[in-house]
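Biologist: I have a model open and some questions about its helices, pockets and single residues. Can we go through them one by one?

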Amino acid sequence: MASKGASTAQVTTAVRRARYAVAAVFCVHGAVTGSFATRVPWIQDHAGVSAGQLGLALAFPAIGAALAMPLAGRIGHRFGARTALRALLALWTLSLALPALAPNLATLCVALFVYGATSGMSDVTMNALGVDLERRLDRSIMSGLHGMWSVGALIGSVGGTLAAHLGTDARVHHVLTAAVLTLLGLAACRGVLDMRPAVDEEPPPRFALPPRSALLIGTVGFCAVFVEGASLDWSAVYLRDVLDASPGLAAASTTGFTLTMAVARLAGDRVVDRFGAVRTVRVGGALAAVGGLMVVTSNHPAVAMSGFALLGLGVAVVVPLAFAAAGRSGPNASMAIAGVATVTYSSSLLAPSAVGALADLTSLVVSFGLVTALAFGLIALAGVLRTAERTTRPRVDSPSATAPTPKP
């Protein structure tokens, strides 16, 4: 009995330690996105592309992610979670350097395709690990993990804001940032559980189409990611082009967006446990809709920045809830998450091109009218998460726990 208790304590300690390691991975992943988003205006000028062409280019990360994410389950099955995450995260952090090096539209599209593909595969892998840890700990942690992603995005955007304010060449900024984040990511992956499939477990298909359950769960995430992606990629451009803000102030609008997302996600687990997924998403949708209205009606940078901040607050917990629901919807968490991620992030494919195309035809103000409409959509679609409310699971320190023992 003592030996069994000691073994259980060791597993519990390993799982709790792994939670911090996965949180650090989420933070590193987010820092790449924040670093990139704040330098989009510089990249646009360097590549010499119009708003419409930039919108086309910004669709390629989503194309790359949508095509690559279904491969993540197979990679994790073949090499194990730790090795897969270590390789995929390193490819993602290194890909940050590519877009700023692109001299024209064609090379920018290729760079952003690679950037999106590596992002998507590492995203699926780390979310599958997060869902597994949530099951073992028997409490909500996904919002907090995504909060750490937003903290990373905030850190990256603060660095990008400072670099933009100082007029630093984005090529220098992103190469140095990519090197630092790669080292930090490799260090964080050392603490991740090395989850491996059972000997008799069938490998997932090389390219798994989204399961039927993912379609319903993914609809609400589709709206949230559209709002999030449009705000991250276009907020700085909106402040610069519509409200004539300085480069530093324009980049700061992205920082405000990521700040409110980080705060909301870090507090999100308690809110969701108290009020439930449906009510939380509906209230968030209302806040995001108000923020969108502030953006499209603003005539001063401060008002628009406040609107972007509310947009971030409103959509913050939606994607974590969608991934958590996906992980509980079937026996293979990676495959289910990949399916929901493919549906959800397909809106990232539409958001940049739709915003850019509408901006070319009309104006960025009209483009963010579309963003506001999708924020209202969160209120209407939140009910699809009702069937995915958290159910009772065996605690990680319980003798009846059925989750496989991790390999530390």
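Biologist: How are H6 and H10 oriented to each other, roughly parallel or roughly antiparallel?
Modeller: This is a predicted model. Helix H6 covers residues 81–95 and helix H10 covers residues 170–189. Their axes lie 8 Å apart and make an angle of about 170°. Angles over 145 degrees count as roughly antiparallel, so H6 and H10 are roughly antiparallel.

Biologist: By class, which residues does the contact of H6 with H10 have?
Modeller: H6 brings Arg82, Leu85, Arg86, Leu89, Ala90, Thr93 and Leu94. H10 brings Ala178, Leu181, Thr182, Gly185, Leu186 and Cys189. Gly counts as polar here. The contact comes to eight nonpolar, three polar and two charged residues.

Biologist: Is Cys189 of H10 buried or exposed?
Modeller: Cys189 sits in helix H10. Leaving aside neighbours within four places in sequence, its contacts are Val25, Arg82, Leu85, Arg86 and Leu89. Its relative accessible area is 0% and buried means under 20%, so Cys189 is buried.

Biologist: What separates the C-alpha atoms of Cys189 and Arg82?
Modeller: Arg82 is in contact with Cys189. Along the chain, the two are 107 residues apart. Between their C-alpha atoms, the separation is 6.6 Å.

Biologist: How do H5 and H6 lie, oblique or roughly antiparallel to each other?
Modeller: Helix H5 spans residues 72–79. The axes of H5 and H6 come within 7 Å and cross at roughly 125°. That angle falls outside the roughly parallel, antiparallel and perpendicular ranges, so H5 and H6 are oblique.

Biologist: How many charged residues does the contact of H5 with H6 have?
Modeller: H5 contributes Ile75, Gly76 and Phe79, while H6 contributes Ala81, Thr83, Ala84 and Leu88. Five of these residues are nonpolar and two are polar. The number of charged residues is zero: there are no charged residues.

Biologist: Trp92 is also in H6. Is Trp92 buried or exposed?
Modeller: Leaving aside neighbours within four places in sequence, Trp92 is in contact with His29, Val32, Thr33, Tyr115, Thr118, Ser119 and Ser122. The C-alpha atoms of Trp92 and Val114, 22 residues apart along the chain, are separated by 8.5 Å. Trp92 has a relative accessible area of 1%, so it is buried.

Biologist: Which helices each supply at least two residues of the lining of the second largest pocket?
Modeller: This pocket has a volume of about 220 Å³. Its lining has 13 residues, and the closest to the centre are Val271, Thr280, Val283, Gly284 and Leu313. By class, the lining divides into eight nonpolar, four polar and one charged. The helices are H12 (247–275), H13 (277–297) and H14 (301–315).

Biologist: What is phi of Asp244?
Modeller: Asp244 is in the loop between helix H11 (212–243) and H12. With a relative accessible area of 68%, Asp244 is exposed. Most residues other than glycine have a negative phi. Asp244 has a positive value, near 55°.

Biologist: What share of the residues of the protein chain count as buried?
Modeller: The chain's secondary structure comes to 17 helices and zero strands. Among contacts between residues at least 6 apart in sequence, 86% join residues at least 24 apart. Of the 408 residues, the buried share is 57%.

Definitions and conventions:
Residues are numbered from 1 along each chain as its sequence is written. This is a predicted model: local features need pLDDT of at least 70, side-chain atom pairs count only at pLDDT 80 or more; totals for chains, interfaces and linings use all residues. Side-chain values use heavy atoms; hydrogens and water are left out. Axes are lines fitted to C-alpha atoms, for helices over the stretch in contact, and angles run from 0 to 180 degrees between N-to-C directions. Helices (H or I, at least four residues) and strands (E, at least two) are DSSP runs, numbered from the N terminus. Angles under 35 degrees count as roughly parallel, over 145 as roughly antiparallel, 65 to 115 as roughly perpendicular and the rest as oblique. Contact means heavy atoms within 4.5 Å. On a 1 Å grid over the protein atoms alone, a cavity is a set of points where a 1.4 Å probe fits but cannot get out, and a pocket is an open set with protein on both sides within 12 Å along at least five of seven lines; lining residues have an atom within 4 Å of a point. Grid points are joined across faces, edges and corners, and a volume is the space filled by probe spheres set on the points. Buried means under 20% relative accessible area, exposed over 50%, partly exposed in between (1.4 Å probe, protein chains only).
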